[in-house]
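The following exercises ask you to work through one structure, step by step, with a solution after each task. Please look over the sequence and the structure before you begin.

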Amino acid sequence: MAQAPSFVWNINPGRIVFGAGSVAQLGAELAAAGRSRAMILTTPFQKPAGEALAASLPGQVAGVFAEAAMHTPVEVTERAMAAYADMGADCTVALGGGSTIGLGKAIALRNGAFQIVIATTYAGSEVTNILGETRDGQKTTMRGPEVLPEVVIYDPELTLTLPVAMSVTSGLNAIAHAVEGLYAQDRNPVMSLIALEGIRALKEALPGIVAAPQDIGARGQALYGSWLCGTVLGTVGMALHHKLCHTLGGSFDLPHAETHAVLVPHTAAYNETAAREELAPAADLFGGRLGPGLWEFAQSVGAPLTLRELGLKEADLDRAAEIAVRNPYWNPRPVEQGAIRALLGRAWAGERPEQGE
Ligand code: NAD
């Protein structure tokens, strides 16, 4: 018999509205929250979608702010705060992925704004109490209940426009949250079930999206999986994988979802022997060995497989390994600079990882 479980259960209280066509519930959600002057947030790219949403809700929207940008730059947040005050807004509606959701969280951190999110990628930020902000090129991350969105609407129809390549990398980004959740130091049995179901749903959905990007069934499965994986990210602690992605994004400006996609087979392989029991159910989904299985899966759905193609220079690998081990943090297998340098070298070149490498 295995050891008796021992854990703390503490989940973020968000309201989730899920389903094809559910964006039509936004008006009712605003009314239920007693809000009538929403500021809709988007990136410049999704501005037309934000304006169309505003036009569909006469009398409930105060305006659209379409300057959301990657890594939540503080200058953009300051402009958004001024716009929020100028238009007399009483809540935000973030329509987009992690970048737009980050802006909504940054506003809420400063003025306590009620947040509704309509999530259109698989990154998972909408169900976490985590905010990363950038000031003068330095990214800092905080965690707190004040940044957690109150309501999340997941409408698979809004993800039909997410390009296949982004769907694949964003889906692998989500899988990475769940893989790290399975061996998290503060894991618990329910979160492990959620993580496993999230990985299963995305493993089923991504090949379906590659084959038929407009398949609403596959899109629904992927979004469902991303909610589950995001919930894991927001609830238990992350380890080596997220640390490496943070290092490569923060110090070498590598793109977020693509970096997660390239690294997750390698970080899973690194930790697979040390966390064999915790990762076994996920490994079973990928042919028995998680690292190599994830690598083959990523290849089969056309994901990037090398850090080289994301723009990392071979000459930077030593420095990346050094930065990644500078501040100690918990990981199921000890984080050792030489082994991390070897992992990064394999990921840079696109070699298939072996279990325990
Ligand atoms: P993103 O939000 O940067 O979106 C990338 C691009 O895709 C943008 O131009 C966006 O407008 C566009 N886009 C989004 N959805 C679309 C759709 N359905 N159709 C067409 N285009 C669409 O990408 P992301 O990967 O979701 O977010 C990355 C950012 O989120 C990073 O800064 C990362 O650090 C952050 N993040 C934070 C958390 C957290 O918990 N705080 C979690 C995950 C990611």
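**Exercise 1.** Determine how Glu204 stands with respect to solvent and which partner it pairs with.

Solution. Begin with accessibility: at 48% relative accessibility, Glu204 counts as partly exposed, where buried means under 20% relative accessible area, exposed over 50%, and partly exposed in between, computed with a 1.4 Å probe on protein chains only. Before going further, keep in mind that this is a predicted model, in which local features need pLDDT of at least 70 and side-chain atom pairs count only at pLDDT 80 or more, while totals for chains, interfaces and linings use all residues. Residues are numbered from 1 along each chain as its sequence is written, and side-chain values use heavy atoms, with hydrogens and water left out.

Next, look for the partner: Glu204 forms a salt bridge with Arg200 (a side-chain nitrogen of Lys or Arg within 4 Å of a carboxyl oxygen of Asp or Glu), and the closest N and O atoms are 2.8 Å apart. Arg200 is itself partly exposed, with a relative accessible area of 27%. Finally, place the pair: the two residues are four apart in helix 6 (residues 189-211), and therefore about one helical turn separates them; helices (H or I, at least four residues) and strands (E, at least two) are DSSP runs, numbered from the N terminus.

**Exercise 2.** Work out which parts of the chain the salt bridge between Glu296 and Arg352 ties together.

Solution. First take the distance, which is 2.6 Å between the closest N and O atoms of Glu296 and Arg352. Then locate the residues: Glu296 belongs to helix 11 (residues 290-300) and Arg352 to the segment after helix 13 (337-349), so the bridge joins parts that are 56 residues apart in sequence. Both residues also belong to a network of salt bridges that links Arg289, Glu296, Arg352 and Glu354. The structure as a whole holds 13 salt bridges.

**Exercise 3.** Describe how the buried residues of helix 2 are arranged and what they pack against.

Solution. Start by listing the buried residues of helix 2 (residues 47-55), which are Gly50, Leu53 and Ala54. Viewed down the helix axis, these residues fall within an arc of 100° and so line one face of helix 2, the arc being that of the directions from the helix axis to the C-beta atoms. On the other side of helix 2, Pro48 and Ala55 are exposed. As a last step, find the contacts (heavy atoms within 4.5 Å): the buried residues pack against helix 1 (26-32), strand 2 (38-41), strand 3 (61-65), strand 4 (91-96) and strand 5 (115-119).
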